[in-house]
Amino acid sequence: MEDHYLRQLPGDLQALVQATEQQSGFAIQVEADPARGTTLACHVDERSARLLVSREEFFQPASVMHELLHMRRFLVDGVPQIVVNDDFNDWTPQLEAGLTNLDNSLEHLVIVPEEILRFSVRRQYWAGVMTRKLREIRVNPLDPDDRRRHALVNWLFIHHVPMEDALRQAADRLLDELGLRQQADAFRDALVHTLAVKEETVRVCFAWLNIPFATAALKCIDSRAREARAVAL
Ligand SMILES: [Zn+2]
């Protein structure tokens, strides 16, 4: 990572950048694109590790840490990402977006608790995100399968990541309204003990959310060999 970005981070995050770069063999490139909103993002593949920001000065340590944790999982820990299965014939952009979204949500179950432990102010940030999600699930015109998927996944986040009681209760009320409360408890019980093994998490999640295994594959990056391979579920 270029020095003028690295210097904006506290010491422990500089160490996280350096450890991630050393262990993966990738230099993390920061790219400023004014067309982006204020949110950060990262993109990793077998060739590069990029951190995307809208402007050079939008480099908040807590948001940067979030992206670094995503990168460390994929590049150092070898955690796979859900991608569309190339052999699946009924590809749609919605399917691809949905799988990307689901992968992100599963990753957040692991990385957001670590992020909040380091930056307690991020609890409020995530509470805001989740409050908006609950509202969208209630009011957006979703088909019943999608509403159920979003409800279960976001309820699980709210109950797994340490959130305020009021938000947990709001999530419970929504799931009660949708008749999904008991399913949500069982979904959590089935999923949380798999979080150390992403492949297992994805299989359990797909089964619970009625997503056909044939739609997706798991892509692993071998950063040392600069190779990626996708395996069927
Ligand atoms: Zn994220």
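How many helices and strands does the protein have? The protein contains nine helices and six strands, and the model you are looking at is a predicted one. Its radius of gyration is 18 Å, close to the 17 Å that the globule rule gives for 233 residues, so the protein is as compact as a globular protein of that length. The domain assignment splits the protein into domain 1 (3–76) and domain 2 (81–232). Here is a tour, from the whole chain down to single residues.

**Overall build**

- The C-alpha trace spans about 50 × 45 × 35 Å along its principal axes.
- Among the 233 residues of the protein, 29% count as buried.
- If we take the contacts with a separation of 6 or more, 59% are between residues 24 or more positions apart.

**How the two domains meet**

- The C-alpha centres of domain 1 and domain 2 are 23 Å apart.
- Contact between the domains involves 15 residues of domain 1 and 15 residues of domain 2.
- Which element gives the most to the side of domain 1 that touches domain 2? Helix H3 (residues 61–76) does, with eight residues.
- By residue type, that side of domain 1 divides into seven nonpolar, four polar and four charged residues.

**The sheet S1-S3-S2**

- Three strands make up this open sheet, in the order S1-S3-S2, and their pairing is mixed.
- Strand S1 (28–32) and strand S2 (41–44) stand at the edges with a single partner strand each, so one side of each has no neighbour in the sheet.
- On average, neighbouring strands here are turned by 25 degrees against each other, direction ignored.
- Four bridges hold the pairing of S2 with strand S3 (residues 49–53), in the antiparallel sense.
- To find this pairing in the viewer, look for Ala-41, whose bridge partner in S3 is Leu-52.
- H3 packs on this sheet and touches S1, S2 and S3, and the direction of H3 makes about 15 degrees with that of S2.

**A closer look at helix H3**

- H3 therefore appears in two places on this tour: it packs on the sheet and it gives eight residues to the side of domain 1 that touches domain 2.- Several H3 residues are buried, including Ser-63, Val-64, Met-65, His-66, Glu-67, Leu-68, Phe-74 and Leu-75.
- Just after H3, Gly-78 takes a positive phi of about 70 degrees.

**The sheet S4-S5-S6**

- The strands of this open sheet come in the order S4-S5-S6, and the pairing is antiparallel.
- What is left without a neighbour in this sheet? Strand S4 (81–84) and strand S6 (227–232) stand at the edges, each with a single partner strand, so one side of each is left free of a neighbour.
- From one strand to the next, the twist averages 40 degrees.
- S4 and strand S5 (residues 216–222) run antiparallel and are joined by four bridges.
- Two residue pairs to look for between these strands are Gln-81, with bridge partner Lys-219 in S5, and Val-83, with bridge partner Ala-217 in S5.
- Six bridges join S5 to S6, and these strands run antiparallel.
- One residue to look for in S5 is Cys-220, whose bridge partner in S6 is Arg-229.
- S5 and S6 form a hairpin with four residues between them, and Arg-226 in the turn has a positive phi of about 55 degrees.
- Helix H4 (residues 93–118) lies across S4 and S5, running at about 175 degrees to S4.

**Asp-86, in a loop**

- Asp-86 lies in the loop between S4 and H4.
- Is Asp-86 buried or exposed? Asp-86 is exposed, because just 8 other C-beta atoms lie within 10 Å, and a residue counts as exposed at 12 or fewer.
- Asp-86 and Ala-190 are 104 residues apart in sequence, and their C-alpha atoms are 28 Å apart in space.

Conventions. Residues are numbered from 1 along each chain as its sequence is written. This is a predicted model: local features need pLDDT of at least 70, side-chain atom pairs count only at pLDDT 80 or more; totals for chains, interfaces and linings use all residues. Domain bounds come from an automatic or database domain assignment. Two residues are in contact if their C-beta atoms, placed from the backbone, lie within 7 Å. Ala, Val, Leu, Ile, Met, Phe, Trp, Tyr, Cys and Pro count as nonpolar, Asp, Glu, Lys and Arg as charged, and the others, Gly among them, as polar. The radius of gyration is taken over C-alpha atoms; the globule rule is 2.2 Å times the number of residues to the power 0.38. A residue is buried if 20 or more other C-beta atoms lie within 10 Å of its own, exposed if 12 or fewer, and partly exposed in between; C-beta atoms are placed from the backbone. Two strands pair if DSSP finds at least two bridges between them. Axes are lines fitted to C-alpha atoms, for helices over the stretch in contact, and angles run from 0 to 180 degrees between N-to-C directions.
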